[in-house]
Structure formats: C-alpha cells, structure tokens
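Reader: I would like a close look at one part of this model, the sheet and the helices that cover it. Please begin at the start of the chain and work inwards.

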Amino acid sequence: MSRISGSPDVLRAIGEPRCNLAIWQRAPFADFGPLVEGKPQDLRFTCDVAGLPALLAKELKQGGYGGSAALHRALVEDAARLAELFCTAMDLARLELRLEVVLTDSCRKFHADYVTARLITTYVGEGTDWLDEDDAARVAAGETPRHINRLGPFDIGLFKGKLATERPAIHRSPPIAGTGAARLLLVLNPASKSFVDGADSGLSPPPHLA
C-alpha cells in the first residue's frame with residue numbers, strides 16, 4: 001500500500017506494516033540541469049547526517065559537476081535535509097548516499113530492492129516508475145501492468161525493500177535510451193556493510209573513500 005502526501009511527515013508511514021511506499025510530493029525548487037553538463041562522476045559514500053554536507057560539497061567539486069557554487073549549495077542542503085528525514089524515519093545513525101547521472105535504461109525492469117528501505121528522488125529528468133499492488137502482482141505473474149505510476153521530478157519516494165517485507169515496493173527506472181535525456185538521481189540507503197559491498201549497489205566507492 002502506498003501513502004502519498006504533500007508533507008514530509010508522510011515518510012514516517014514507511015514504519016507501518018502495510019505501507020511499502022511513502023511518497024512526498026513537492027514542487028521543483030531549482031534548475032539542476034547544469035550539474036550534469038560535461039562528464040560528472042557518479043558519487044557514492046557512507047556518512048552520518050552531520051558529516052554529509054561537507055563531504056558531498058567536496059565530492060561535487062571533485063567529481064566534475066557543473067553549475068554555480070550556489071547550485072551546489074542548494075543540492076547539498078536538500079540532500080542533508082533528506083538524509084535527516086530518512087535516518088529519522090528508519091531510525092538510522094548512518095546512511096549510504098549515491099548520486100548518479102543516468103543516461104541509459106538502467107534498472108529498466110520492474111523490481112524490488114534488496115534493502116530494508118531506499119529513498120529516491122530525481123533532480124533532473126523523469127522520476128522513478130512504480131506499481132500499485134494489483135499491477136505488481138500482474139508483473140510477478142509474468143503479465144503486463146495495466147497502469148504505471150511515475151514520481152514527478154523532486155518527488156521523494158521511500159521504497160520498502162525485500163529485507164523488510166514480503167510485499168516490497170515494485171519500481172523501475174523510466175526508459176530513456178535513445179532520447180538523449182539525462183537523469184540526476186539521488187539514492188539514500190541504510191549504511192549496511194552487507195549491502196554496500198553487495199552487487200546491488202552497482203558503484204565502487206571513490207579511491208579516497210574506499
């Protein structure tokens with residue numbers, strides 16, 4: 001069951017047994033398009049909430065992200081707020097942050113994540129596709145979903161994963177291959193060593209954070 005609201009308080013609903021997806025709908029507040037110009041590197045690191053702003057600011061600069069210093073600050077401030085909300089909702093001391101520039105149909109198949117829960121937001125490009133329970137059951141049976149929901153840009157999705165429930169949130173990356181479009185995706189995960197070192201993570205940490 002999904003819970004959707006225009007208030008960040010909805011993210012706490014992920015603790016409810018029947019809720020497998022909490023969505024905070026919010027309006028775009030900046031044009032982050034310049035960040036993905038050039039060849040920025042995907043970022044991945046673990047930290048606590050207090051250490052996130054300085055670390056992310058440094059990684060954005062070293063990772064070749066475009067845009068002004070003010071734009072970098074806007075992203076850092078938002079990521080720090082989301083990290084605080086995520087850790088509060090999940091009762092976490094530390095988290096893993098991933099910032100990815102997506103140019104292909106990455107994770108194009110509907111799936112559930114091998115985590116307790118994962119927070120996803122898209123700053124540039126199309127948001128994440130997700131299914132309600134009826135269509136998730138159709139996909140599990142090898143059928144085509146009747147309706148595909150999509151997060152809007154800047155919407156926050158807190159997706160419950162396989163480690164927390166037998167009915168996890170089913171989602172995918174929106175198909176963009178061949179369109180020339182780029183997506184800037186922020187992902188927050190629990191900082192579990194077994195997950196961070198797992199194949200699901202998909203990214204290697206920068207050398208100075210390894």
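**From the N terminus to the sheet**

Author: Leaving out residues up to four places away in sequence, M1 touches R18, C19, N20, L21 and E133. This is a predicted model. M1 sits in the segment before β1 and is partly exposed, with a relative accessible area of 30%. One of its contacts, L21, is 20 residues away in sequence, yet the two C-alpha atoms are 6.7 Å apart. Another contact, C19, is buried, with a relative accessible area of 0%.

Now the sheet. It is open, has seven strands with mixed pairing, and follows the order β1-β2-β8-β5-β10-β4-β3. β1 (2–5) and β3 (43–47) are the edge strands; each has a single partner strand, so one side of each lacks a neighbour in the sheet. On average, neighbouring strands in this sheet are turned by 15° against each other, direction ignored.

Next, the run of strands from β3 to β5. β3 and β4 run antiparallel and are joined by five bridges. Within that pair, F45 stands opposite L97 in β4. β4 also pairs with β10, again in the antiparallel sense, over eight bridges. Here E100 has L185 in β10 as its bridge partner. β10 (residues 183–190) in turn pairs with β5 (residues 117–124), antiparallel and over five bridges. L119 is found opposite L188 in β10.

How much of β4 is buried? Eight of its eight residues are, so to speak, under cover: the strand is mostly covered and each of the eight counts as buried. L95, L97, L99 and V101 point one way from β4, while E96, R98, E100 and V102 point the other way, and all of them are buried. The charged side chains in the second set are therefore included in the buried count, as the threshold is under 20% relative accessible area.

Two helices lie against these strands. Helix α1 (residues 52–62) lies across β3 and β4 (95–102), and runs at about 160° to β3. Helix α2 (residues 69–90) packs on the sheet and touches β2 (21–24), β4, β5, β8 (156–160) and β10, with its direction at about 160° to that of β5.

α1 has two distinct sides. Its buried residues are L52, L55, L56, E59 and L60. These cover an arc of only 130° around the axis, which puts them on the same side of α1. An α-helix has 3.6 residues a turn, so residues three or four places apart point the same way. The cover over the buried residues of α1 includes β3, α2 and β4. On the other side of the helix, A54, K61 and Q62 are exposed. Just after α1, G64 takes a positive phi of about 80°.

The interior can be described by its nonpolar cores. The largest has 42 residues, and those touching the most other members are L52, L56, L97, L99, Y123, L184 and L188. Two or more residues of this core come from each of β2, β3, α1, α2, β4, β5, β8 and β10. The most come from α2, which gives 10 residues. L188 shows how these elements meet: beyond its neighbours within four places in sequence, L188 is in contact with L82, A83, F86, L95, E96, L97, A117, R118 and L119. There is also a second, separate core of nine residues, among them I120, W130, F159 and A169.

The cysteines add no covalent link, as the disulfide count is zero. C87 is an example. C87 is buried, with a relative accessible area of 5%, but its sulfur is 8.0 Å from the closest cysteine sulfur, that of C47, which is too far for a bond.

Last, helix α3 (residues 133–140), which begins at E133, one of the contacts of M1. The buried residues of α3 are D135, A136 and R138. They span an arc of only 155° around the axis, which puts them on the same side of α3. D134 and A140 are exposed, on the face turned away from that buried side. After α3 comes G142, whose phi is positive, near 85°.

Technical notes. Residues numbered from 1 in each chain as written. Predicted model: local features only at pLDDT ≥ 70, side-chain atom pairs only at ≥ 80, totals over all residues. Heavy atoms only, no water. Pairing = 2+ DSSP bridges. Helix = DSSP H or I, 4+ residues; strand = E, 2+ residues; numbered from the N terminus. Axes fitted to C-alpha atoms, helices over the stretch in contact; angles between N-to-C directions. Contact = heavy atoms within 4.5 Å. Core = buried A, V, L, I, M, F, W, Y, C linked by side-chain atoms within 4.5 Å. Buried < 20%, exposed > 50% of the residue type's maximum accessible area, 1.4 Å probe, protein only. Disulfide = S-S within 2.5 Å. Arc of directions from axis to C-beta.
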